[in-house]
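Reader: I have a structure to look at and some questions about its parts. Can we go through them one by one?

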Amino acid sequence: MPTEQQFGEVLTHMVEIIKLGTLYLNGLRLGASFHYEEGILTIKDTVPGKELQWIKAGDLLVSERCLCCNISWDDLNEMGYIYGRAITIDGKEYICRSLSGGIRNGPNEWDKILDEVGEDDELLHWKRMHFWCQEMASSEEKRVVRGYRNARYRHYGWANTQDTRVGFRPVLEPVVAIPPDLSPLIGKKVRVAISGWSNIEGVLLEFDSYDLVLQTRWPVSSSCGFVRKTGEKATISREFITRLKEI
């Protein structure tokens with residue numbers, strides 16, 4: 001019977017690690033794990049010797065570590081990296097976003113990833129570093145963070161806080177074609193990726209050749225002309241949708 005340590009080592013060897021993309025700040029090429037102060041982060045085509053490393057978990061690629069620290073949730077949200085922005089790496093399109101981290105032990109992506117690949121810090125580098133998640137904590141000003149004390153530790157931080165103990169761990173979601181027939185998804189929860197903007201999640205209520213309608217509490221900016229929101233109903237112009245997936 002293998003020990004817990006031996007089992008963890010075997011699981012780690014089974015994990016697929018992918019080198020993909022290179023990180024830039026204001027057009028300057030960087031390595032991972034730097035101290036953020038200000039500027040625009042981008043991930044572009046892979047540069048040998050400056051590759052980012054990702055862990056494959058299902059159809060997601062999750063960064064094996066925080067790419068930077070001292071960055072606030074508000075900073076990431078302004079750049080589109082909380083709910084998702086479309087990027088292209090080596091000719092392939094992805095949605096780059098933050099993970100869901102759950103509230104009060106509810107289901108979430110981070111715990112699901114740990115269930116799949118294990119909790120080894122040498123693989124996912126969670127010790128002494130929180131990372132921002134999508135969810136609001138106890139108020140609009142506070143957001144969920146994970147990691148630091150142990151792999152499954154959950155805490156919160158002020159959304160506008162820049163702290164060397166909190167960083168950005170992105171996930172890449174490959175962009176695939178919209179299903180040709182959306183009828184089977186009526187009444188189901190979906191995630192919709194919108195070109196040049198972000199993701200929106202909700203229950204698909206109806207669709208036609210021009211629009212689809214979600215029931216959602218997802219925040220939508222009044223400046224977003226291709227999503228019209230009334231109460232908990234959001235009408236999205238189909239021509240701007242790059243991906244639609246059941247979740």
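Reader: Is Gln134 buried or exposed?
Author: This is a predicted model. Gln134 sits in strand E11. A residue is called buried under 20% relative accessible area. Gln134 has 9% relative accessibility, so Gln134 counts as buried.

Reader: Which residue offers a backbone oxygen to the side chain of Gln134?
Author: Look for a polar atom at the side chain of Gln134. At 3.2 Å from that atom lies a backbone oxygen. The oxygen belongs to Ile82.

Reader: Is His130 buried or exposed?
Author: His130 also has its place in strand E11. Its relative accessibility is 10%. The cut-off for buried is under 20%. His130 therefore counts as buried.

Reader: Which backbone oxygen does the side chain of His130 reach?
Author: Follow the side chain of His130 outward for 3.2 Å. There it reaches a backbone oxygen, that of Gly147.

Reader: What is the volume of the largest pocket?
Author: A general idea helps here. Rolling a probe the size of a water molecule over the atoms shows where empty space is left. For the largest pocket, the volume is about 1,100 Å³.

Reader: Which residues are the closest to the centre of the largest pocket?
Author: The lining holds 37 residues. Gln134, which we met in strand E11, is one of those closest to the centre. The full group is Ser100, Gln134, Glu135, Glu201 and Trp218.

Reader: How many charged residues are in the lining of the largest pocket?
Author: Sort the lining by class. Nonpolar residues number 12, and polar residues number 8. The charged residues number 17.

Reader: Which element gives the largest share of the lining of the largest pocket?
Author: Several elements supply at least two residues each, among them helix H2 (73-79), strand E11 (130-136) and strand E17 (199-207). Helix H3 (109-117) is also in that group. The largest share is 4 residues, and it comes from H3.

Reader: Which residues of H3 are buried?
Author: An α-helix has 3.6 residues a turn, so residues three or four places apart point the same way. In H3, the buried residues are Glu109, Trp110, Asp111, Ile113, Leu114 and Val117.

Reader: Which residue caps the N-terminal end of H3?
Author: Start from the backbone nitrogen of Trp110. A side-chain oxygen lies 3.1 Å from that nitrogen. After the helix comes Gly118, with a positive phi near 95°. The cap at the N-terminal end is Asn108.

Reader: What is the order of the strands in the open sheet of 6 strands?
Author: The pairing in this sheet is antiparallel. Strand E19 (227-230) and E21 are the edge strands, and each pairs on one side only. On average, neighbouring strands are turned by 40° against each other, direction ignored. The order is E19-E20-E18-E17-E16-E21.

Reader: Which residue of E21 is the bridge partner of Arg191?
Author: E16 and E21 run antiparallel and are joined by 5 bridges. Arg191 has its bridge partner in E21. That partner is Lys245.

Reader: Why is one side of E3 and of E5 left without a neighbour in the sheet?
Author: The open sheet of 3 strands has the order E3-E2-E5. Strand E3 (28-30) and strand E5 (41-44) stand at the edges, so each of them has a single partner strand.

Reader: Which residue of E5 is the bridge partner of Tyr24?
Author: Strand E2 (residues 22-25) pairs with E5 in the antiparallel sense. The pairing runs over 4 bridges. The partner of Tyr24 is Thr42.

Reader: Which residues of E7 point the other way from Leu60 and Val62?
Author: Strand E7 covers residues 60-63. Leu60 and Val62 point one way, and all four named residues are buried. Pointing the other way are Leu61 and Ser63.

Reader: Which residue of E15 is the bridge partner of Leu61?
Author: In the pairing with strand E6 (residues 53-57), Leu61 partners Lys56. E7 is also joined to strand E15 (residues 170-174) by 2 bridges, in antiparallel fashion. There, Leu61 has as its partner Leu172.

Reader: Which residue takes a positive phi in the hairpin of E9 and E10?
Author: These two strands run antiparallel, joined by 5 bridges. The hairpin has 2 residues between the strands. The positive phi, near 50°, belongs to Asp90.

Terms used:
Residues numbered from 1 in each chain as written. Predicted model: local features only at pLDDT ≥ 70, side-chain atom pairs only at ≥ 80, totals over all residues. Heavy atoms only, no water. 1 Å grid on protein atoms, 1.4 Å probe; cavity = no way out; pocket = protein on both sides within 12 Å on 5 of 7 lines; lining within 4 Å. Points joined across faces, edges and corners; volume = space filled by probe spheres on them. Nonpolar A, V, L, I, M, F, W, Y, C, P; charged D, E, K, R; others polar. Pairing = 2+ DSSP bridges. Buried < 20%, exposed > 50% of the residue type's maximum accessible area, 1.4 Å probe, protein only. Polar contact = N/O pair within 3.5 Å; in protein donor to acceptor, adjacent residues only side chain to side chain. Axes fitted to C-alpha atoms, helices over the stretch in contact; angles between N-to-C directions.
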